[in-house]
Amino acid sequence: MAQRTIHYLIGEDLIGLGIRDVDRFRIGNVLPDAIEDLVFRNLTHYQVDTELDGKSVRYSDFERFRREFAPLVETDDLYLGYYMHLVEDACYRIFWHKVRLFDRNMTREKVAVLHNDYHLLNAYIVSRYHIRDELVMPARFSGEPINRIYPFLLEDFLAEMRGDFTEHPEGKTVYMTEALLEEYLSDAMDVCRDALRRILAGGEPLDPLSLTW
């Protein structure tokens, strides 16, 4: 999954396309990662294994999420932000396979190295794109319907994420370099903007099966 500041960065770009409640959109756009352990990732990211044209593929079923929380995705920007997070991660997984960043099945050891890359990249993202921490904890979040998916640990997650905007660890990235980050953003932004415009315009949503890996 993409690092928190990558989701935040893409979200900041998407806000300019017509987001109404910026605070709620920002929260939704990082929320699927507010989990206790990676074992819950498939649950919060609506990941599905299936067969397509005789091949085993995986995809993020963001359309199932949209249907489950209709009409909130179209009317509440927290839910729209969550939807966009799923699209962003689908683009990220496709990018991994495009550049052969990982084998199909990731080990915990590789995930740990990737997460260290994320920490190393945070200072670059903050400096290059001038983002700052503007995340606001929603009032009465525990009563949000979205917690039917998983009891999100949002308050703890946001407290931890605040460190992403100020850290400057030493070392070199192993998997995700600055150049690869820029390549991913170039690949993903058009897809993400298109997916958001479709929802905002009330048009035909993006097909999840168009983003398989």
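**Turns, rings and a pocket**

User: Where does Pro71 lie, and what makes that stretch a loop?

Analyst: Pro71 lies in the loop between α4 and α5 (72-75). Helices and strands are DSSP runs, numbered from the N terminus: H or I over at least four residues for a helix, E over at least two for a strand. The peptide bond from Ala70 to Pro71 is cis, with omega near 0 degrees.

User: What kind of model is this, and how are its values taken?

Analyst: The model is predicted: local features need pLDDT of at least 70 and side-chain atom pairs count only at pLDDT 80 or more, while totals for chains, interfaces and linings use all residues. Residues are numbered from 1 along each chain as its sequence is written, and side-chain values use heavy atoms, leaving out hydrogens and water.

User: How many helices and strands does the protein have, and how do you know how compact it is?

Analyst: There are nine helices and two strands. From the N terminus on, the order is α-α-α-β-β-α-α-α-α-α-α. The globule rule is 2.2 Å times the number of residues to the power 0.38, and the radius of gyration is taken over C-alpha atoms. For 213 residues the rule gives 17 Å; the protein has 16 Å, close to that value, so it is as compact as a globular protein of that length.

User: Why is Tyr46 called buried or exposed?

Analyst: Buried means under 20% relative accessible area, exposed over 50%, and partly exposed in between, with a 1.4 Å probe and protein chains only. Tyr46 has 3% relative accessibility, so it counts as buried. Thr5, in helix α1, is at 0% and also counts as buried. His130 stands at 70% and therefore counts as exposed.

User: What is notable about phi in Tyr46 and His130?

Analyst: Tyr46 has a positive phi of about 55 degrees although it is not a glycine. Phi of His130, also not a glycine, is near 55 degrees. Tyr46 is in the loop between α3 and β1; His130 is in the loop between α7 and α8.

User: What makes Tyr46 and Phe65 an aromatic pair, and which type is it?

Analyst: Rings of Phe, Tyr and Trp (its six-membered ring) pair if their centres lie within 6.5 Å; planes under 30 degrees apart are stacked, over 60 edge-to-face, the rest tilted. By this rule the count comes to 12 aromatic pairs. For Tyr46 and Phe65 the centres are 5.6 Å apart and the planes at 80 degrees, which makes the pair edge-to-face. The two residues are 19 apart in sequence, with Phe65 in helix α4 (residues 62-68). Both are buried.

User: How do you know the type of the pair Tyr82 and Phe152?

Analyst: Their centres are 5.9 Å apart and their planes at 70 degrees, so the pair is edge-to-face. Tyr82 lies in helix α6 (residues 77-98) and Phe152 in the loop between α7 (108-129) and α8 (154-161), so parts 70 residues apart in sequence are tied together. Ring pairs link both residues into a cluster that also includes Tyr46 and Phe65.

User: What makes Arg128 count as sitting over the ring of Tyr129?

Analyst: A charge sits over a ring if NZ of Lys or CZ of Arg is within 6 Å of the ring centre and within 35 degrees of the ring normal. The charged end of Arg128 sits over the Tyr129 ring, 4.6 Å from its centre.
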